[in-house]
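Hi,

Here is the structure I promised to pass on. Have a look at it first, then read my notes below with the model open beside you.

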Amino acid sequence: MACPICSAETEAKYRPFCSKRCADIDLGRWMSGSYAISTAPSEDDVEELAEALEEELEKRSHDLH
């Protein structure tokens, strides 16, 4: 089995990683939000984005005239 961080052979003590260093790198990525599980936007999110887009389009339309 290869380490998901550096592709070296894994060490039983740190499995699925090869070392504490790679395990810590992975933990840091989780804690910083580098790994994220996406979800479908809620209806409120969609409405909020649509309103913001409409406002921006309206603003740009006025800027052109």
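S7 is exposed, with 56% relative accessible area. Keep in mind as you read that this is a predicted model. S7 sits in the segment before helix 1, and its backbone has a quirk: phi is positive, about 70 degrees, although S7 is not a glycine. If you want to place S7 against the helix, try D24: the two are 17 residues apart along the chain, and their C-alpha atoms are separated by 15 Å.

Next door is C6, which also belongs to the segment before helix 1. Is C6 exposed or only partly exposed? With a relative accessible area of 36%, C6 is partly exposed, because that class runs between the 20% limit for buried and the 50% limit for exposed. Now find C22: C6 and C22 are 16 residues apart in sequence, and from C-alpha to C-alpha they are 7.3 Å apart in space.

One more thing to look for in that part of the chain is the peptide bond from R15 to P16. That bond is cis, with omega near 15 degrees. P16, too, is found in the segment before helix 1.

On to the salt bridges. Side chains of opposite charge can pair when their charged atoms come close. How many salt bridges are there here? The count comes to 2.

- The side chains of D24 and K20 meet in one of them, at 2.9 Å from N to O. Both residues lie in helix 1, and they are 4 residues apart, which is about one turn of the helix. D24 is partly exposed at 38% relative accessibility, and K20 is also partly exposed, at 48%.
- R60 and E56 form a salt bridge too, with their closest N and O atoms 2.8 Å apart. Why are R60 and E56 separated by about one helical turn? Because they are 4 residues apart in helix 2. R60 counts as exposed at 52% relative accessibility, whereas E56 counts as partly exposed at 31%.

Then there are the rings. Searching the whole structure turns up 1 aromatic pair. W30 and Y35 make up this pair, and their arrangement is edge-to-face: the centres are 4.9 Å apart, with 65 degrees between the planes. That angle gets the edge-to-face label because it is over 60 degrees. W30 is partly exposed, at 48% relative accessibility. Y35 is partly exposed as well, at 28%.

W30 turns up again in a surface patch. Which residues form the nonpolar patch on the surface? They are L27, W30, M31 and I37, and together they have about 520 Å² of accessible area. M31 is worth a click: M31 lies in helix 1, which covers residues 20-32. With a relative accessible area of 67%, M31 is over the 50% limit and therefore exposed.

The surface also carries a patch of negative charge. E43, D44, D45, E47, E48, E51, E54, E55 and E58 gather there. Take D44 as an example: D44 is found in helix 2, which spans residues 43-64. D44 is exposed, with a relative accessible area of 58%.

Last stop: T39. Where does T39 lie? T39 is in the loop between helix 1 and helix 2. At 68% relative accessibility, T39 counts as exposed. You can use D24 as a reference point again here: T39 and D24 are 15 residues apart along the chain, and their C-alpha atoms are separated by 26 Å.

If you would like a route for your own look around, try this:

1. Start at S7 and check the positive phi of about 70 degrees.
2. Go to the bond from R15 to P16 and see that the bond is cis.
3. Show the side chains of D24 and K20 and find their salt bridge.
4. Turn to W30 and Y35 and view the edge-to-face pair.
5. Finish with R60 and E56, which form a salt bridge.

Shout if anything is unclear.

Cheers

Note on methods. Residues are numbered from 1 along each chain as its sequence is written. This is a predicted model: local features need pLDDT of at least 70, side-chain atom pairs count only at pLDDT 80 or more; totals for chains, interfaces and linings use all residues. Side-chain values use heavy atoms; hydrogens and water are left out. Patches are made of residues with over 30% relative accessible area and no salt bridge: like charges are joined within 9 Å, nonpolar side chains (Val, Leu, Ile, Met, Phe, Trp, Tyr) within 5 Å. Accessible areas come from the Shrake-Rupley method with a 1.4 Å probe; for residues, only the protein chains shown count as cover. A salt bridge is a side-chain nitrogen of Lys or Arg within 4 Å of a carboxyl oxygen of Asp or Glu. Helices (H or I, at least four residues) and strands (E, at least two) are DSSP runs, numbered from the N terminus. Buried means under 20% relative accessible area, exposed over 50%, partly exposed in between (1.4 Å probe, protein chains only). Lys and Arg count as positive and Asp and Glu as negative; His and the chain ends are not counted. The place of a charge is taken as NZ of Lys, CZ of Arg, CG of Asp or CD of Glu. Rings of Phe, Tyr and Trp (its six-membered ring) pair if their centres lie within 6.5 Å; planes under 30 degrees apart count as stacked, over 60 as edge-to-face and the rest as tilted.
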